[in-house]
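Student: I would like a close look at a single part of this structure. Please take one strand and go through its surroundings step by step.

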Amino acid sequence: MLKNITLYVVEDYNALSQKAALLFAQTVKTNPTGVYGLATGSTPEGMYDRLVKMSQTNEIDMTKIVAFNLDEYVSIGPDHTQSYAYYMATKLFNATGVPIQNRNIPRGDAPDPHNECAEYEKKIVNAGGIHLQVLGIGTNGHIGFNEPADTFAGQTSYAALAEETIQANSRFFDSIDDVPKFAISMGIQTIMMAETILLLASGESKAKILGEALQGPITPQVPASALQLHRNVIVIADKAAAKFL
Ligand code: PGA
């Protein structure tokens, strides 16, 4: 493993969630007004659950953090139950008291999505950049909605979802036809600017791609492989996901 990557292999998803929550909480204690990059999907849910509990027992104060989410579906608004704005509000922000004005998520229903991308990128810079960025990884190696491509995506952009991602995310929608086909996503460059990256991977379905991302060639066909070039990446994987590391 590269020396800029710190790898923790833990027993299972529960242990992953616990370790990730403790690490996140420790960072918030050190930097309570910091800028935190957050992810959606199934993987960070256990970590968010624990942060909610820690916040309810006053072990952590998240009321001063500034949050920037990785991405949002285009064509649905923040009140849609499958929007990432709704996910974040219900799974983390409301129960931990992250102030509305500190919750930054691209507007999927923005009248001009391209302008929304540019504005989002500016907001991150104006906030002073991201201290800790949480990431999941798609089975095709995507991070955010940066799908396999011929070049690495730069800044926040309007991105088409890969067929594999539409399939994977259809589990959250009534029908696969309801899955949005586009998203606004931080780019690889945006993600790489974060001071520290926390990548979470759980389950056997992530094992092959995690091996490729961390140990294979650096290629835009495996967007997460760019992380090999970042100076400070922490990976928490359960045994099943770490099988090939
Ligand atoms: P998951 O998604 O956490 O639901 O597996 C990860 C991703 O697609 O980035």
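Tutor: Start with one pairing: Ile-5 has Val-233 as its bridge partner in strand β10. That pair belongs to a longer match, as strand β1, residues 5-10, is joined to β10 by 6 bridges, and the two run parallel. The model is a predicted one.

β10 also pairs with strand β9, residues 196-201, in the parallel sense, over 5 bridges. Here Leu-198 stands opposite Ile-234 of β10. Strand β10 therefore has pairings with β1 and with β9, and the next step is to see which way its side chains go. Val-233, Val-235 and Ala-237 point one way, while Ile-234, Ile-236 and Asp-238 point the other way. Residues of both groups are buried. Buried here means under 20% relative accessible area. Because 6 of the 6 residues of β10, residues 233-238, are buried, the strand is largely enclosed by the rest of the structure.

A general tendency is worth keeping in mind: in soluble globular proteins, nonpolar side chains tend to be buried together. In this model the largest nonpolar core has 65 residues, and Phe-24, Leu-38, Met-47, Leu-51, Leu-92 and Leu-227 have the most contacts inside it. Helix α1, residues 13-30, supplies the largest share of this core, 7 residues. Apart from neighbours within four places in sequence, Phe-24 is in contact with several residues, including Tyr-36, Leu-38, Met-47 and Val-134. There is also a second, separate core of 10 residues, among them Ile-76, Tyr-84, Leu-161 and Phe-173.

Definitions and conventions. Residues are numbered from 1 along each chain as its sequence is written. This is a predicted model: local features need pLDDT of at least 70, side-chain atom pairs count only at pLDDT 80 or more; totals for chains, interfaces and linings use all residues. Side-chain values use heavy atoms; hydrogens and water are left out. A nonpolar core is a set of buried Ala, Val, Leu, Ile, Met, Phe, Trp, Tyr and Cys residues joined through side-chain atoms within 4.5 Å. Buried means under 20% relative accessible area, exposed over 50%, partly exposed in between (1.4 Å probe, protein chains only). Helices (H or I, at least four residues) and strands (E, at least two) are DSSP runs, numbered from the N terminus. Contact means heavy atoms within 4.5 Å. Two strands pair if DSSP finds at least two bridges between them.
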